[in-house]
Amino acid sequence: MTPELLSALTAARAAKKPVVLATKLPGGEQMLLPHPAAGAELAAAASRALDRDESGTVTLGNETWFLHAYNPPLRLIVVGAVHIAQALVPMAAQLGLAVVVVDPRRAFATEERFPNVTVSQDWPDEAMDALVPDVRTAVVTLTHDPKLDDPALDRALKSPAFYIGALGSRRTHARRVARLKELGHTDAAIARIKGPVGLDISAVTAPEIAVAILAEFVAARRNGTLAPKVAGKQAA
Amino acid sequence: MSDHSTPTFTSDDILATAAAWRAEGEQVALATVTETWGSSPRPAGSQLAVTKSGRMAGSVSGGCIEGAVAEVAMKTIETGTPQLLDFGITDERAWEVGLACGGKLKVFVEKLS
């Protein structure tokens, strides 16, 4: 790889621009896509690789190309700079997620509690409007406080976010569902919310609950099949 | 190890690691899985970075072929010529390392010039 190509690729990734590094096999001629000089077939194959978030080899006419898809990291918006968030955020970073913590309560959302993480002290609805959750965004609410969780969930349900989770017991969640219905959300829409959030692994401590949440997140991301949750005990 | 001051890339980001090594003045080769068949443990796009000084990051298999890939990487650092390697094929000329899992894969090895 030439230094020019490596720095273009590094710059695109730093700018969170989706790009494909195309390598012609076996010779190794390379091109960073999208590129105005790319053929239509190659451009279309690169765009498919990004959509599927999957790298692979394609044969186009008598040429073989390896298409390495570099999508920006998946985003995780955590509402509530609470104790569980302090366990969740570093684990999410290990999974390669770009994490944003939202909490207007200044005592919670401090740099000291969340080093090296983007922290927003806006109200959740304003923060969500600014962040514009897309199909590569997950939203998890952790405050238990309807004043903070509900506006975030309302915005999340109006977005194409691929994973939405809300911490709270079954009873808390039932009340939350009723409130979201009053805001005009249908049962089908509300069913997108994983509540109580996380796989039922009888998690107790904050790091255990973080594992349960991230395991469910991975299953959602990879279309993993899970046995249905059974009624019973649930953390938090 | 995970206490990097720049949290943009995780420790699993081999390209970033390779680029950082290159920026330090190391001679670096990058190996990338381009295609897999059967039960290969790592998907296409998985990477292994190797320096002439002996540093290694990432993986292209479950550990079965990293040694062989690293050897080719050293050669690629010397010659600058990229290589496309086949593993797990039943060919006399094939690399003498097999994949215990029975999978097959191709690995592209290039120098960061």
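Tutor: Two strands pair if DSSP finds at least two bridges between them, and strands are DSSP runs (E, at least two residues), as helices are (H or I, at least four), numbered from the N terminus. The model is predicted: local features need pLDDT of at least 70, side-chain atom pairs count only at pLDDT 80 or more, and totals for chains, interfaces and linings use all residues. Residues are numbered from 1 along each chain as its sequence is written, chains are lettered from A and ligands numbered from 1 in the order in which they are written, and side-chain values use heavy atoms, without hydrogens and water.

Student: Which residue stands opposite A:V19 in β4(A)?

Tutor: Strand β1 (residues 19-25) and strand β4 (residues 63-70) of chain A run antiparallel, joined by seven bridges. Opposite A:V19 in β4(A) stands A:Y70.

Student: Why is one side of β2 and of β3 of chain A left without a neighbour in the sheet?

Tutor: The open sheet of four strands pairs antiparallel in the order β2-β1-β4-β3 (chain A). One side of β2 (30-33) and of β3 (56-60) of chain A lacks a neighbour because each stands at an edge, with a single partner strand.

Student: Which handedness has the β-α-β unit of β8(A), helix α5 and β9(A)?

Tutor: Strand β8 (residues 137-141) of chain A runs parallel to β9(A), with four bridges between them. A crossover is right-handed if, with the strands pointing away from the viewer, the path from the first strand over the helix to the second runs clockwise. With helix α5 (residues 146-157) of chain A, the two strands make a unit that is right-handed.
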